[in-house]
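Trainee: I have just opened this one and hardly know where to look. Could you walk me through a few places in it?

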Amino acid sequence: MIQVINLRCEYKNNPVGIGVRNPRISWIIQSDERNVMQAAYHIQVAMDKSFEFPVWDTGRVDSDQSVHVEYKGQPLQSRTRYYYRVRVWDQKGRVSDWSKTAFWETGLLDTGEWVAAWITPEGVDNSAELRACPMMRKVFEVNGKVRCARIYATSLGLYQLRLNGQKVGDFLFTPGWTSYENRLQYQTYDVTEMLNGGKNSIGVILGDGWYRGNLAWKHQRNVYGDKLAALIQLHIVYQDGTEQVVITDKSWKASTGPILMSEIYHGEIYDARLEKTGWDMPGYDDSDWNSVIELDHPKNILVAQEGPPVRAIRYIKPVSLFTTPAGERVLDMGQNMVGWVRFSVEGPKGSKVVLQHAEVLDRDGNFYTENLRTARQTIEYTLKGTGREVFEPNFTFQGFRYVKLVEYPGQPSIEDFVGVVVHSDMELTGSFECSNPLINRLQENIQWSQRGNFLDVPTDCPQRDERLGWTGDAQVFIRTACFNMNVASFFTKWLRDLRAEQRDNGGVPHVIPDVLRDGVHSSSAWGDAAVICPWTIYLCYGDRRLLEEQYESMKAWVEYIRHQGENEYLWNTGFHFGDWLGLDAREGSYVGATATDYIATAFYAYSTSLVVKAAQVLGRAEDVEKYSKLHENIIDAFRKEFVTPNGRLAVPTQTAHVLALMFNLVEEKDRKRVIDTLVEYIKKNECHLTTGFVGTPYLCHVLSQNGYSDVAYKLLMQTDYPSWLYQVVKGATTIWEHWDGIKPDGSFWSPDMNSFNHYAYGSIGDWLYRVVAGINIDPEKPGYKHIYINPVFGGDLTFARAEHQSMYGKIRSGWKIGDDGKIQVSIVVPHNTTATVVLPGARLDLVREGGKGLDQAEGILEYDAVDNGVMLRISSGEYLFQYEMKN
């Protein structure tokens, strides 16, 4: 029996308010059998659940495509719900039942449909140091039985919607952070059940957010503008088909309330005595409220929500409340997290709760905030004194593990506090575990750093006065990110901002959205995110549409590099971050010893090679020829500049050797010398790395690909500085920015730049999944349509297993070495895919699957002996292979 499950539209489950005119549909095939391949599909799309009058009926389509099937029916209408269902045939001719009905709903597909006006409070001093959060409201009538109601809303600044005394939706930090001059998201809310007959009240609270709050370390304010504003459109459709539209206009009223300041870096000041009880209800007296004015701001930049919304995802109880040696009361959340603390308190009117947040304690066990630089990360709450009061902030987030109770009325209890973990709501798709608990903690740390730094944009850190979308950090981590969580729509949004911010000459800012605005841009390995990130999304999700969208941006980046120097095949000009935080940096420098022109030219070659591959996928034959020739010339120039005739690299660093091998920059005859030299450098450093942001993501991959998996495992298993597990041994619960953020003696790296939640070095996760567990992608059949599974044993591990929820379903690869030396390899291949598997160290005659020989086991399509074991090609299903290692 076969079933169709998990229907998705543009990666989302029943999305409301999409802006895509030709959305793509994906599904998963479920069966308890092996060897199930889709032979055909049938999709129906209609405006009601009966499907009597479909707007698209494909009939039977002979195809194995079950991911990203593009809608090609009647033109979609705005503000309309479309229901869809799918059935499939397998290769044996069996047909499934129709899937459960799913839906998508369009938003405002044309910006001309916005009839609301931008409104902002009148007479507000926008130059004040502390700026209270404005509130705006309107009362309206509902006269009749409502069929459906939707709010379409956005803002300059952040917003929270209120309707009849309730918060609308559970999205946070709306409308999100985009390239605000070019693209501004709006959100859609179903408020049908929130309306009442007769009088209703709609309200909005605005916060500074990224739009006009403090950004970056230069204390910039008002980067995008100095006025907060809202744009809201409520469409009410009555049962008789008539429609009412409530919009932001001059009829709204404005005031301020209890939020006296709310800044992303600095926290929030809230005075509960100033609450305007019932302000979001229709009966409230707003006669003393001020007028609003309409603001002239473009609407043609508006786009529907693209990435996953930010939500409160999980809740953490503190593990202890203790007093430091300095006499300070401090909560320990037990986990470095991003979000805030919700607290419950009782005390006299005017008393205060003041909370400060920090990531670590110093070596004496005292609260440490120097690494936050100017970010205050402080919550100040003044009680109204009416009994038990519960509070959580509105427009700020903190990066922290420890919370200092600077002020707190009475005797605090650990039960009064809850940590609220906040991030973009991405589906968790990957897991890894093994027999070494330190590596398991490392894996947890990687995922926690991704949670903490994937808050609408991929930030470098979530705590200090930075929290920016650094391109280099994003590109080194994206492959790991794709395994851990479904980040396709997250990066789709961010890459569209990158494209929008890209310079006319193809240059790429260091951060996206670009708020540094200092005229410096386009470092190698950072700007290469324009090429590496869309290609990686294509590989991991089979997303050809995004690749096509970003293709001109990818080319523009390569052309930018081509025009930078006197020699168009070497990149030896401009500013570069180099091997950032490499341990071979000279004293007082953050830049590793690997020459920046070497790194720049290496990435020039790599990005050009990816443009060639993208051109092949997209059928751009002229570009394939053009950029293939360019790539050849770059490689030739690189070898002349940086490789001696005998194959020695002119740059004697670990990172230089890693890049040369990873990007195939040396001739085949020279690869052995280069890898042997890399291993020599590692061993001379007592089997420790010296690589920084640029070299680290590829280091273990290069070793494994060139016959030195044992050295890669040794690097992974090290527990002293510098290593991945050193941080774990030191008590880290997230990935650090520096290999020695906390030094062996307990002292800290310079507070100028010392984040304890920085995902870049978490890129080792990719090696754990792809090498230790062995799950890999076939670039010819991206998105795991065909899977390579080739685990590598080592490091004294007795077992390892990973799972990944791909677009086709769950993939699993796990291995176990028994006390008797017998091997078990457990594999799950999702339906409608196939896999090529290598069983390391196996002999054909000794392999059993489910107790049977390979010639008798169902689902095994081919098998053969290879140098390192047995290779099989298998169909979908669950498998358990058992064998003894050959001598």
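**Salt bridges, strands and a helix pair**

Mentor: Let us begin with Asp497, which has a relative accessibility of 0% and therefore counts as buried. Please keep in mind throughout that this is a predicted model.

Trainee: Which residue does Asp497 form a salt bridge with?

Mentor: The partner is Arg183, and the closest N and O atoms of the two are 2.9 Å apart. Asp497 sits in helix α4 (residues 488–501), while Arg183 belongs to the loop between β14 (166–167) and β15 (184–190), so the pair ties together parts that are 314 residues apart in sequence.

Trainee: And Arg183, is that buried or exposed?

Mentor: Arg183 counts as buried, because its relative accessibility is 10%, and the cut-off for buried is under 20%.

Trainee: Which residues are linked with those two in a network?

Mentor: The network of salt bridges links Arg183, Glu306, Arg496, Asp497, Arg499 and Glu549. In general, side chains of opposite charge can pair when their charged atoms come close.

Trainee: How many salt bridges does the count come to?

Mentor: The count comes to 65 salt bridges. One of them is formed by the side chains of Arg34 and Glu849, at 2.8 Å from N to O. Arg34 lies in the loop between β3 (24–30) and β4 (38–46), and Glu849 lies in strand β43 (residues 848–849), so this pair ties together parts that are 815 residues apart in sequence. Both Arg34 and Glu849 are buried.

Trainee: You mentioned β43, so which sheet order does β43 appear in?

Mentor: It is an open sheet of 6 strands in the order β34-β39-β40-β41-β46-β43, with antiparallel pairing. The edge strands are β34 (430–434) and β43, each of which pairs on one side only.

Trainee: What does β34 pair with over its bridges?

Mentor: β34 pairs with strand β39 (residues 799–806) in the antiparallel sense, over 5 bridges, and within that pairing Phe432 stands opposite Ala802 in β39.

Trainee: Switching to hairpins, what is there between β25 and β26?

Mentor: The hairpin of β25 and β26 has 5 residues between the strands, and Gly327 in the turn has a positive phi of about 85°. Strand β25 (residues 320–323) and strand β26 (residues 329–345) run antiparallel and are joined by 4 bridges, with Ser320 standing opposite Asp332 in β26.

Trainee: Where does Glu328 from that loop form a salt bridge?

Mentor: Glu328 forms one with Lys404, where the closest N and O atoms are 3.2 Å apart. The pair links distant parts of the chain, since Glu328 is in the loop between β25 and β26 and Lys404 is in strand β32 (residues 398–407), 76 residues apart. Glu328 counts as partly exposed because its relative accessibility is 24%, whereas Lys404, at 14%, counts as buried.

Trainee: What about the hairpin of β17 and β18?

Mentor: That hairpin has 4 residues between the strands, and Gly241 takes a positive phi near 95°. Strand β17 (residues 229–238) pairs with strand β18 (residues 243–247) in the antiparallel sense over 5 bridges, and Leu234 stands opposite Val246 in β18.

Trainee: Last topic: at what angle do α11 and α12 pack?

Mentor: Helix α11 (residues 696–705) and helix α12 (residues 709–717) pack at about 150°, with their axes 7 Å apart, and are therefore roughly antiparallel to each other. The contact is made by Leu699, Cys700, Leu703 and Ser704 of α11 together with Ser709, Val711, Ala712 and Leu715 of α12. By class, this contact has 6 nonpolar, 2 polar and no charged residues.

Technical notes. Residues numbered from 1 in each chain as written. Predicted model: local features only at pLDDT ≥ 70, side-chain atom pairs only at ≥ 80, totals over all residues. Heavy atoms only, no water. Axes fitted to C-alpha atoms, helices over the stretch in contact; angles between N-to-C directions. Helix = DSSP H or I, 4+ residues; strand = E, 2+ residues; numbered from the N terminus. Parallel < 35°, antiparallel > 145°, perpendicular 65-115°, else oblique. Contact = heavy atoms within 4.5 Å. Nonpolar A, V, L, I, M, F, W, Y, C, P; charged D, E, K, R; others polar. Pairing = 2+ DSSP bridges. Salt bridge = Lys/Arg side-chain N within 4 Å of Asp/Glu carboxyl O. Buried < 20%, exposed > 50% of the residue type's maximum accessible area, 1.4 Å probe, protein only.
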